[in-house]
Amino acid sequence: MSVNYFVIGSYYYWEDKPGEDMLDDMMSHNVMSVGWGMEAGLDLTNLYGKKSPGEITDYLKNKGLSIKSYSNLKRFLSLKPGDIVAIKKWDMRDGNGSIIVRAYARVVRRQGSIYHFDKASLGHMMNAEYLKKNVSNKFPYNYSQAIHQVTKPDRIRIIFGPVL
């Protein structure tokens, strides 16, 4: 089984209030999560592991989600057991973006499930085993979107070195 590497943001942004850091909630529930599309209340269990990225995009477009929502959810739904995730905060100073990795986690299957949804809490969640918590590792990469897959071997070594 091949392992993939992702960087996921811990901040949720709402239309009617400032962004909110959800990392403590994620760690206390042993999950990683994204809030995109929460307002639609769509449980995507039927899409996880069963549909192609194109089918996921088509389904979410048809439900009226924004391009940012379905782009991020499509990537999130591609996570599988064994994948390693760096939970980050994006930092923009002097016109250059960078990330601060605050925790590392592995996607896991728990009680037969990997993905689950709860509109009342964190929204779209993947079960996780936290490998390192309370870190503050800054890297000069402009991963500003909610979720990125890291594929370059040198960046994997640099970002994920503490858990490799």
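This is a walk through a predicted model, stop by stop, with something to select at each one.

**Stop 1: helix 3 and its partner**

Start by selecting residues 67–76, which make up helix 3. Then add helix 2, residues 53–62. The axes of helix 2 and helix 3 come within 9 Å and cross at roughly 145°, and the crossing is right-handed. To see who does the touching, show side chains for P53, I56, T57, L60 and K61 on helix 2, and for Y70, L73 and K74 on helix 3. Colour that contact by class and you get five nonpolar residues, one polar and two charged.

Now click on K74, in helix 3. Setting aside neighbours within four places in sequence, K74 is in contact with P53, I56 and T57. K74 counts as partly exposed because its relative accessibility is 29%, which falls between the 20% limit for buried and the 50% limit for exposed. If you want a distance to draw, try K74 to S2: the pair is 72 residues apart in sequence, and 19 Å separates the two C-alphas.

Hop across to T57, in helix 2. Is T57 buried or exposed? T57 is buried, at a relative accessible area of 12%. With neighbours within four places in sequence left out, T57 is in contact with Y70 and K74.

**Stop 2: the covered face of helix 3**

Stay on helix 3 and pick out S69, Y70, S71, N72, L73 and F76, which are buried. What lies over the buried residues of helix 3? The cover includes strand 1, strand 4, helix 2, strand 7, strand 8 and strand 10 (147–150), so turn on those elements one by one.

Centre the view on F76 next. Not counting residues up to four places away in sequence, F76 touches I8, M32, S33, V34, Y115, H124, M125, M126 and I147.

**Stop 3: two nonpolar cores**

F76 is a good way in to the largest nonpolar core, which has 37 residues. Those with the most contacts inside this core are M32, F76, L79, M126 and Y130, so show them as spheres if you like. Strand 8 (residues 123–132) supplies the largest share of the core, four residues. There is also another core, lying apart from this one, with 16 residues; among them are Y5, V7, Y104 and V163. As a general point, nonpolar side chains in soluble globular proteins tend to be buried together.

Zoom in on M32, in strand 4. M32 is buried, with a relative accessible area of 0%. From M32, draw a C-alpha to C-alpha line to Y104: the two are 72 residues apart in sequence and 10.0 Å apart in space.

**Stop 4: S10 and its polar contact**

Select S10, in the loop between strand 1 (5–9) and strand 2 (11–12). S10 is buried, at 1% relative accessible area. Its side chain is joined to that of R102 by a polar contact of 2.9 Å. Which residues surround S10, leaving aside neighbours within four places in sequence? Those in contact with S10 are E20, D21, M22, L23, M26, I87, K88 and R102.

**Stop 5: Y141**

Move to Y141, in the loop between strand 9 (137–139) and strand 10. Y141 is buried because its relative accessible area is 10%, and anything under 20% counts as buried. Apart from neighbours within four places in sequence, Y141 is in contact with G97, S98, I99, R155, I158 and I159. For another distance, take Y141 to I84: 57 residues apart in sequence, 18 Å apart in space, C-alpha to C-alpha.

**Stop 6: two positive phi angles**

Finish with some backbone. Most residues other than glycine have a negative phi, so a couple of loop positions deserve a click.

- N30 sits in the loop between helix 1 (23–28) and strand 4 (31–34). N30 is not a glycine, yet its phi is positive, at about 55°. N30 is partly exposed, with a relative accessible area of 33%.
- Q111 is in the loop between strand 6 (96–107) and strand 7 (115–118). Q111 is not a glycine either, and its phi is positive, at about 50°. Buried or exposed, then, for Q111? Q111 is exposed, with a relative accessible area of 84%.

Key: Residues numbered from 1 in each chain as written. Predicted model: local features only at pLDDT ≥ 70, side-chain atom pairs only at ≥ 80, totals over all residues. Heavy atoms only, no water. Helix = DSSP H or I, 4+ residues; strand = E, 2+ residues; numbered from the N terminus. Buried < 20%, exposed > 50% of the residue type's maximum accessible area, 1.4 Å probe, protein only. Contact = heavy atoms within 4.5 Å. Polar contact = N/O pair within 3.5 Å; in protein donor to acceptor, adjacent residues only side chain to side chain. Axes fitted to C-alpha atoms, helices over the stretch in contact; angles between N-to-C directions. Left-handed = near helix turned anticlockwise from the far one by under 90°. Nonpolar A, V, L, I, M, F, W, Y, C, P; charged D, E, K, R; others polar. Core = buried A, V, L, I, M, F, W, Y, C linked by side-chain atoms within 4.5 Å.
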